[in-house]
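This report describes selected local features of one protein model. The sequence and structure are shown first, and the discussion follows.

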Amino acid sequence: MAKWDARAWVAGLLGLDPGEVAVLCAVGTPAVSRRLAERARALGLRLANAISPQAVVSPLAEVGQGVTIFPQAVVNTRARLGDQCILNVGVSVSHDSVVG
């Protein structure tokens, strides 16, 4: 049996190219969020990031997939954020730090 292509299905519904489709897991419970994100990836979906325009993220920082960064958060030079990190309001991640 052929594997169902979730990205192509969603893209077809929205009239988009499958490469343009990404999902955001907006569940606040980390364990549930991680499970849902793993299922989305298994279906071939890419995880989007939600970064507030009021956050400051260094262009030299590494940001994983499915990351949420709230207003007034700061991510400094060479900081690394793993997949599905959530940085709440006002969080500061110093240079060379690793989160997630």
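## Cysteines

Cys85 counts as buried, with a relative accessibility of 8%. The model under discussion is a predicted one. Cys25, by contrast in exposure class, is partly exposed, and its relative accessible area is 23%.

How many disulfides does a search of the whole structure find? The search returns 0 disulfides. Cys85 takes part in no disulfide, and the nearest cysteine sulfur, belonging to Cys25, is 14 Å away. Viewed from Cys25, the closest cysteine sulfur is that of Cys85, and the separation of 14 Å is too far for a bond. A disulfide requires the two sulfur atoms to lie within 2.5 Å.

## Nonpolar cores

Cys85 also belongs to the largest nonpolar core. This core has 11 residues in all. Its members are Ala55, Ala61, Val67, Ile69, Ala73, Val75, Ala79, Leu81, Cys85, Leu87 and Val93. Another core, of 7 residues, lies apart from it and includes Ala11, Val21, Ala37 and Leu45.

Within the largest core, Leu81 may be examined in more detail. When neighbours within four places in sequence are set aside, Leu81 is in contact with Val67, Ile69, Val75, Leu87 and Val93, each of which is also listed in the largest core. The contacts of Leu81 further include Glu62, Val63, Gly64 and Val99.

## Backbone conformation

Which residue in the loop between strand 8 and strand 9 (86-87) deserves attention here? Gln84 is found in that loop, and Gln84 has a positive phi of about 60 degrees although it is not a glycine. Most residues other than glycine have a negative phi. Gln84 counts as buried, at 12% relative accessibility.

Arg78 likewise is not a glycine and has a positive phi of about 60 degrees. Arg78 lies in the loop that connects strand 7 (74-75) with strand 8 (80-81). The relative accessible area of Arg78 is 49%, and this residue is therefore classed as partly exposed.

## Nonpolar surface patch

Which residues make the nonpolar surface patch of about 450 Å²? The patch is formed by Trp9, Leu13, Leu14 and Leu16.

Of these residues, Leu16 is located in the loop between helix 1 (6-14) and strand 1 (22-23). Leu16 counts as partly exposed, with a relative accessibility of 37%.

How values were computed: Residues are numbered from 1 along each chain as its sequence is written. This is a predicted model: local features need pLDDT of at least 70, side-chain atom pairs count only at pLDDT 80 or more; totals for chains, interfaces and linings use all residues. Side-chain values use heavy atoms; hydrogens and water are left out. Helices (H or I, at least four residues) and strands (E, at least two) are DSSP runs, numbered from the N terminus. Buried means under 20% relative accessible area, exposed over 50%, partly exposed in between (1.4 Å probe, protein chains only). A nonpolar core is a set of buried Ala, Val, Leu, Ile, Met, Phe, Trp, Tyr and Cys residues joined through side-chain atoms within 4.5 Å. Contact means heavy atoms within 4.5 Å. Patches are made of residues with over 30% relative accessible area and no salt bridge: like charges are joined within 9 Å, nonpolar side chains (Val, Leu, Ile, Met, Phe, Trp, Tyr) within 5 Å. Accessible areas come from the Shrake-Rupley method with a 1.4 Å probe; for residues, only the protein chains shown count as cover. A salt bridge is a side-chain nitrogen of Lys or Arg within 4 Å of a carboxyl oxygen of Asp or Glu.
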